[in-house]
Amino acid sequence: MLYRQMFGLPTWRARGPFTELERMRQQMDRLMETLSPDTSIARPAGVFPLINLTEDRNGYHLRAELPGVKADDLEIQVLRKTISLSGKRTFSEEGQEVRYHRREREAGTFSRMIGLPDEIDPEKVKASLKNGILTVVVAKAEAAKPRQITVA
Amino acid sequence: MADKQPKEIQVKDKQEVSTPAEQTRPGLVFTPDVDIFETELAITLLADLPGVRPEDLTIDLRDNTLTIAGEIYPVEGGDEEDILIEYETGKYYRQFTLSEVIAQEKIDAKLTDGVLRLTLPKVEKAVPRKITVAV
């Protein structure tokens with residue numbers, strides 16, 4: 001998975017020059033996996049849930065895949081530079097007489113804190129959980145937004 | 001003493017799959033995680049399909065093969081730049097062969113919170129009837 005963190009380097013958000021290399025590395029990883037499926041290529045261990053963090057002019061968008069998690073079981077906390085997600089996933093009781101053929105899904109708790117490159121405004125946060133996808137939109141603090149300078 | 005604390009969920013990489021037919025739109029295809037269990041009356045399948053809306057889900061059952069396919073549409077806005085991308089999104093596709101005979105008209109499918117619950121009732125076995133002979 002693409003894993004680029006650019007904290008603390010506000011002038012260097014270049015993603016153009018590295019995208020191709022990342023793609024090649026991903027393809028090489030996949031190729032290596034087909035050759036020897038038991039070798040575990042070093043991948044970020046990751047904490048559940050995996051997130052995608054994107055940025056636009058006014059703020060950040062955080063997305064996570066949380067199928068089967070209800071809004072009541074999810075807790076989102078926002079500080080000036082971090083978003084914290086925690087909660088649990090529960091399965092409904094199925095009864096006594098069931099025989100499982102496959103059991104691939106997991107239930108349990110999760111907790112994760114995500115650091116953001118710039119300060120955000122904790123008052124302006126919108127979160128929605130739809131079809132199992134959580135989207136959190138936060139607005140950058142006024143001080144952190146780029147300011148247009150007009151040349152006199 | 002059994003530990004009553006629910007355990008933490010571990011991260012699982014999404015599994016890519018190559019489908020038998022080529023895609024009309026290029027993109028990644030993943031296999032969804034499923035739980036399958038069976039009772040006397042029905043087989044139930046639960047599949048994790050985050051991001052799939054009910055109208056984008058196709059469930060097909062023919063020749064004892066069950067196919068689940070879910071379409072995903074990109075959610076990111078055009079002017080968003082990536083900072084940290086840990087998972088990729090793509091369609092979901094999985095096929096199963098069923099050994100039991102299923103009563104097709106009673107199949108029930110529910111998609112809530114990105115989880116599909118598919119109930120496949122088994123055909124009721126023929127109940128032997130006693131035939132009384134009229135005198």
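How many residues lie between S1(A) and S2(A) in their hairpin? Three residues do. Here are my notes on the rest.

1. Before you start. This is a predicted model, where local features need pLDDT of at least 70, side-chain atom pairs count only at pLDDT 80 or more, and totals for chains, interfaces and linings use all residues. Residues are numbered from 1 along each chain as its sequence is written, while chains are lettered from A and ligands numbered from 1 in the order in which they are written.

2. How confident is the predictor? The score to look at is pLDDT, the predictor's confidence in each residue, from 0 to 100. Chain A has a mean pLDDT of 79, and 78% of its residues reach 70 or more. Go carefully with residues 6-14 of chain A, where the pLDDT is below 50; that stretch has seven contacts in the model beyond near neighbours in sequence. Residues 38-43 of chain A are also below 50, with four such contacts. Two residues count as in contact if their C-beta atoms, placed from the backbone, lie within 7 Å.

3. Chain A at a glance. You'll find one helix and eight strands here, in the order α-β-β-β-β-β-β-β-β along the sequence. Helices (H or I, at least four residues) and strands (E, at least two) are DSSP runs, numbered from the N terminus. Of the 152 residues of chain A, 21% are buried. Buried means that 20 or more other C-beta atoms lie within 10 Å of the residue's own; exposed means 12 or fewer, and partly exposed is in between, with C-beta atoms placed from the backbone. For chain A contacts with a separation of 6 or more, 53% are between residues 24 or more positions apart.

4. Follow S2(A). Back to that hairpin: S1(A) and S2(A) run antiparallel and are joined by five bridges, with A:Glu55 partnered by A:Tyr60 in S2(A). Two strands pair if DSSP finds at least two bridges between them. S2(A) also pairs with S8(A), again in the antiparallel sense, over seven bridges; there, A:His61 has A:Val137 as its bridge partner. Six of the seven residues of S2(A) are buried, so this strand is largely enclosed by the rest of the structure.

5. The nonpolar cores. A nonpolar core is a set of buried Ala, Val, Leu, Ile, Met, Phe, Trp, Tyr and Cys residues joined through C-beta atoms within 7 Å. The largest one has 19 residues, and A:Ile51, A:Leu53, A:Tyr60, A:Leu62, A:Ala64 and A:Ile83 have the most contacts inside it. At least two residues each come from strand S1 (51-55), strand S2 (59-65), strand S4 (82-89) and strand S8 (133-140) of chain A, together with S7 of chain B. S8(A) gives the most, with four residues. Try clicking on A:Leu62: leaving out residues up to four places away in sequence, A:Leu62 touches A:Ile51, A:Leu53, A:Ile83, A:Ile114 and A:Val136. A second, separate core of 17 residues includes B:Val34, B:Ala47, B:Tyr92 and B:Leu120.

6. A contrasting spot. Is A:Gly115 buried or exposed? A:Gly115 is exposed, because its count is 12 other C-beta atoms within 10 Å. This glycine belongs to strand S6 (residues 108-115) of chain A.

7. Chain B. This chain has zero helices and ten strands, and 24% of its 135 residues are buried. Five of the strands form an open sheet with mixed pairing, in the order S1-S2-S8-S6-S5 (chain B). Its edge strands, each pairing on one side only, are strand S1 (15-16) and strand S5 (57-62) of chain B. Within this chain, strand S6 (residues 65-70) and strand S8 (residues 91-97) run antiparallel, joined by six bridges; B:Thr97 in S8(B) is the bridge partner of B:Thr65.

8. Where the chains meet. In the interface, 37 residues of chain B are in contact with 46 residues of chain A. On the chain B side, strand S3 (34-38), strand S4 (42-48) and strand S7 (81-85) each give two or more residues. That side has 16 nonpolar, five polar and 16 charged residues; Ala, Val, Leu, Ile, Met, Phe, Trp, Tyr, Cys and Pro count as nonpolar, Asp, Glu, Lys and Arg as charged, and the others, Gly among them, as polar. Strand pairing crosses between the chains too: strand S5 (residues 99-103) of chain A and S3(B) run antiparallel, joined by four bridges. One partnership to look up is A:Arg103 with B:Asp35 in S3(B).
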